[in-house]
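Grab your viewer and a notepad. Here are some exercises to work through, each with its solution.

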Amino acid sequence: MLSDQELLRYSRQILLPQIDVDGQLRLKQGRVLIVGLGGLGSPVSLYLAAAGVGELHLADFDTVDLTNLQRQIVHDSNSVGQSKVDSAMARLSALNPDIRLVPHARALDEDSLAAAVAAVDLVLDCTDNFGTREAVNAACVAAGKPLVSGAAIRLEGQLSVFDPRRDDSPCYHCLYGHGSEAELTCSEAGVVGPLVGLVGSLQALEALKLIAGFGEPMVGRLLLVDALGSRFRELRVKRDPACEVCGARHA
């Protein structure tokens, strides 16, 4: 049940008929893994904590650097040199002491990633490199857990949802294949802060929809964000029956 304090704290979203008390209870019971606590993971973690998602698993092996603060808003100047997980936990605990935070402050190998994914209901990929995204996708497909994937670099962003529980859903590999070895990171190519804030906020919204059970998640759709021209474009994405990651699961 929700306490009187919780009913008051979350009253503005409980007022929405699409969420109501039942949806808020589902959020309270939800368990989410956030992989990456940088530019995308910052708004994701802040909004999910504020919304009352009951258990947040926070994964990042890095420490806070001064160059992060231009966009990684869950951290502050006093966090420089700290583990990103420790920094985020302090901020999220202050924001909402009623939720449970589970730290993963080291790099996740295949086994630990599989265990981390198995322990939650939903995964958000907030990383900035293709290898980690591929590993997270494979773990989600194997465990049958939905994945909210976001990316942003320079002045361009992308967002999609991959849900292996649905027969019609593609996975990350269906869309991107093996990617490119020449892929750039934000530290090499640059990125504007509000863009990662926008994409991360949309990731958080998709997560709330999936957990609380309202709206239409972005399964089979890819949202492209052009920050330079303030334009949004949506592409349809189909599952690849021959995909080496998810193809056998739907055979």
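The exercises below deal with the sheet, an aromatic pair, the pocket and the cavity.

Before you start: this is a predicted model, where local features need pLDDT of at least 70, side-chain atom pairs count only at pLDDT 80 or more, and totals for chains, interfaces and linings use all residues. Residues are numbered from 1 along each chain as its sequence is written, and side-chain values use heavy atoms, with hydrogens and water left out.

**Exercise 1.** Work out the strand order of the open sheet and find its edge strands.

*Solution.* Start with the elements: helices (H or I, at least four residues) and strands (E, at least two) are DSSP runs, numbered from the N terminus. Next, pair strands wherever DSSP finds at least two bridges between them. That gives eight strands with mixed pairing, in the order β3-β2-β1-β4-β5-β6-β7-β8. The edges are β3 (100-104) and β8 (231-236), each pairing on one side only. From one strand to the next, the twist averages 15°, with axes fitted to C-alpha atoms (for helices, over the stretch in contact) and angles taken from 0 to 180 degrees between N-to-C directions.

Now zoom in on β2 (residues 55-59): five bridges join it to β3, and the two run parallel. His-57 has Val-102 of β3 as its bridge partner. Finally, look at helix α4 (residues 41-51), which lies across β1 (31-35), β2 and β4 (122-125) and runs at about 165° to β1; contact here means heavy atoms within 4.5 Å.

**Exercise 2.** Classify the ring pair of Phe-162 and Tyr-172.

*Solution.* Rings of Phe, Tyr and Trp (its six-membered ring) pair if their centres lie within 6.5 Å; planes under 30 degrees apart are stacked, over 60 edge-to-face, and the rest tilted. The structure has three aromatic pairs. For Phe-162 and Tyr-172, the centres are 6.1 Å apart and the planes sit at 85°, so this one is edge-to-face. Phe-162 belongs to strand β6 (residues 156-162) and Tyr-172 to helix α8 (residues 172-176), so the pair ties together parts ten residues apart in sequence.

**Exercise 3.** Describe the largest pocket and the largest cavity by volume and lining.

*Solution.* On a 1 Å grid over the protein atoms alone, a cavity is a set of points where a 1.4 Å probe fits but cannot get out; a pocket is an open set with protein on both sides within 12 Å along at least five of seven lines, and lining residues have an atom within 4 Å of a point. Points join across faces, edges and corners, and volume is the space filled by probe spheres set on them.

- Pocket: about 670 Å³, lined by 32 residues, with Gly-36 and Asp-60 among those nearest its centre.
- Cavity: about 60 Å³, lined by 13 residues, including Val-141 and Cys-171.
- Helix α7: it gives the most to the pocket lining, three residues, and the largest share of the cavity lining, also three residues.
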